[in-house]
Amino acid sequence: MRVVVLVSGAGSNLQALLDAVRSDPDFGVEVVGVIADHSDAGGLQRAEAAGVDTLVVRWGDHASREDFTGAIVAGAKALGADALILAGFMRVLSREAVSTFPILNIHPALSPAFPGANAVEEALAYGVKTTGVTVHFVDEFVDHGPIIAQEAVDVEPDDTPQSLHERIRKVEHRLYPEVIRAFAKGRLRVDGRVVYWRADD
C-alpha cells in the first residue's frame, strides 16, 4: 500500500512509521510522500533524510477549507497515494479528502474524550487518572471516526503536559505502525462505527 503522510510538526510519528517500514520487509507499506501545511514542519526534514518526496500545501494560501483540501487531495494523488496517514496534522480536511482516500489519524486521548488540539492539557485540567492514545479512521468531524485501537496511559500526580505527552508519544510510536501495518494488509473491517481485526496471517 502506498501512503502519503500529512504532518504539521516535528514528525515523530512519521519517523516511527519510516523506521518500522525500513526494519520489516513484510510491513506492506511504502511511504511515497509527505505533505506539510507549512514549510518549517520538522517532518519535512525527516522525509527528505529518508529519501521521501515532500510537498508543502500552505493553509494561508487557500480561501477555504475546501480549497485547501482540494490541494491536499491533488498533491496526494500526484504522489501516488492509496491512503493518507495523519501524523500530527493540525488541520481538519473537508468531505473531498474523506470520499477520495481512506484516512487514519492518531489522537493523544481516549476518544471520545478530549477531541481537538489540546487533548493532553484538557485531560490534566479535568483531573482524569487515565488518558491514552486512540487510532481511528477519519470522517468529516474532529477526532470522531471509527476507533481502530486504543491504549491507556496512566496520569501521574506530578505530571505536566510535557511529561504526560512524552509518555503518550512512546505508546503512539509503537501502536500507530502496528495499526497501519494491519490496515495495509487488509486486516481491518468496519461495520458502522465498529472496527473488527482479523488475526495476522
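In this short talk I will go through a pocket, one buried serine and a pair of packed helices in this structure.

The model is a predicted one, in which local features need pLDDT of at least 70 and side-chain atom pairs count only at pLDDT 80 or more, while totals for chains, interfaces and linings use all residues. Residues are numbered from 1 along each chain as its sequence is written, and side-chain values use heavy atoms, with hydrogens and water left out.

Let me start with Ser8, which sits in the loop between strand E1 (2–7) and helix H1 (12–23); helices (H or I, at least four residues) and strands (E, at least two) are DSSP runs, numbered from the N terminus. Ser8 counts as buried because its relative accessible area is 9%, and buried means under 20% with a 1.4 Å probe and protein chains only. Beyond its neighbours within four places in sequence, Ser8 is in contact (heavy atoms within 4.5 Å) with several residues, among them Asp37, His38, Gly88 and Phe89.

Next come the two helices, H5 (residues 119–126) and H6 (residues 161–184), which pack at an angle of about 120° with their axes 10 Å apart; axes are lines fitted to C-alpha atoms, for helices over the stretch in contact, and angles run from 0 to 180 degrees between N-to-C directions. On the H5 side the contact is made by Val120, Glu121 and Leu124, and on the H6 side by Pro161, Leu164, His165 and Ile168.

Finally, which elements each supply at least two residues of the lining of the largest pocket? They are H1, strand E5 (103–107), H5, strand E6 (130–137) and H6.

Technical notes
1 Å grid on protein atoms, 1.4 Å probe; cavity = no way out; pocket = protein on both sides within 12 Å on 5 of 7 lines; lining within 4 Å. Points joined across faces, edges and corners; volume = space filled by probe spheres on them. Buried < 20%, exposed > 50% of the residue type's maximum accessible area, 1.4 Å probe, protein only.
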